[in-house]
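Let's take a walk through a protein model together. Have the sequence and the 3D view ready, and follow along as we go.

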Amino acid sequence: MKRKVFIVSDATGTTAERVVMAALRQFPNDSVANEIYPRVRTEQELEDIVERATEDGALVVHTIVDHDQRELLQRHCADAGITDVDLI
């Protein structure tokens, strides 16, 4: 089964995607599927993404610039037991 990384951004997600791809090059034998969620700006969107991440057992990597939104995402991830990585 492929592992999943959810890339979440309040912009395009390009920066986070590049960082994730660079990190994954260190593990060429691992199978990982990236899902990109760009332009995420509402609490409902964040909740939906965390719910999907929980169902898929995904790692959440994010570049959310807005401090309040970033903390909200981190709180939702923590509450759901999902690991998140803040790249900001």
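In which strand is the place of V85? V85 sits in strand β4, which covers residues 84-86. Helices (DSSP runs of H or I, at least four residues) and strands (runs of E, at least two) are numbered from the N terminus.

## Before we dig in

This is a predicted model, so local features need a pLDDT of at least 70 and side-chain atom pairs count only at pLDDT 80 or more, while totals for chains, interfaces and linings use all residues. Residues are numbered from 1 along each chain as its sequence is written, and side-chain values use heavy atoms, with hydrogens and water left out.

## A nonpolar patch on the surface

Back to V85: it counts as partly exposed because its relative accessibility is 33%. Here "buried" means under 20% relative accessible area, "exposed" means over 50%, and "partly exposed" is in between (1.4 Å probe, protein chains only).

V85 joins V19 and L87 in a nonpolar surface patch of about 190 Å². Patches are built from residues with over 30% relative accessible area and no salt bridge; nonpolar side chains (Val, Leu, Ile, Met, Phe, Trp, Tyr) are joined within 5 Å, and like charges within 9 Å. The areas come from the Shrake-Rupley method with a 1.4 Å probe, and for residues only the protein chains shown count as cover.

## One pair of rings

How many aromatic pairs does a search of the whole structure find? It turns up 1. The partners are F6 and Y37, in a tilted arrangement with 5.1 Å centre to centre and 50° between the planes. The pair links distant parts of the chain, since F6 is in strand β1 (residues 3-9) and Y37 is in strand β2 (residues 32-37), 31 residues apart. For the rule itself: rings of Phe, Tyr and Trp (its six-membered ring) pair if their centres lie within 6.5 Å, and planes under 30 degrees apart count as stacked, over 60 as edge-to-face and the rest as tilted.

Are these two rings buried or exposed? F6 is buried, because its relative accessibility is 0%. Y37 is buried too, with a relative accessible area of 13%.

## Salt bridges

Now for the charged side chains. There are 3 salt bridges, each being a side-chain nitrogen of Lys or Arg within 4 Å of a carboxyl oxygen of Asp or Glu. K4 pairs with E35, their closest N and O atoms being 3.3 Å apart. That pair links strand β1, home of K4, to strand β2, home of E35, across 31 residues. K4 also forms a salt bridge with D56, with the closest N and O atoms 3.1 Å apart. This time the link runs from strand β1 to helix α2 (residues 43-56), and the partners are 52 residues apart. As for exposure, K4 is partly exposed at 25%, E35 is partly exposed at 23%, and D56 is partly exposed at 33%.

R70 and D86 meet in another salt bridge, at 3.5 Å from N to O. R70 lies in helix α3 (residues 67-80) and D86 in strand β4, so the pair ties together parts that are 16 residues apart in sequence. R70 is buried at 13%, whereas D86 is partly exposed at 29%. Salt bridges that share partners join K4, E35 and D56 into one network.

## Inside the protein

Which residues have the most contacts inside the largest nonpolar core? They are F6, V8, V60 and L73, in a core of 15 residues. A nonpolar core is a set of buried Ala, Val, Leu, Ile, Met, Phe, Trp, Tyr and Cys residues joined through side-chain atoms within 4.5 Å. β1, α2 and α3 each supply at least two residues of this core, and α2 gives the most, with 4 residues.

Leaving aside neighbours within four places in sequence, F6 is in contact (heavy atoms within 4.5 Å) with residues including Y37, I49, A53 and V60.

## Two loop residues

I64 is found in the loop between β3 (59-63) and α3, and it is buried because its relative accessibility is 1%. The C-alpha atoms of I64 and D10 are separated by 5.3 Å, although these residues are 54 residues apart along the chain.

R39 lies in the loop between β2 and α2 and is partly exposed, with a relative accessible area of 47%. Most residues other than glycine have a negative phi. The phi of R39, however, is positive, near 55°.
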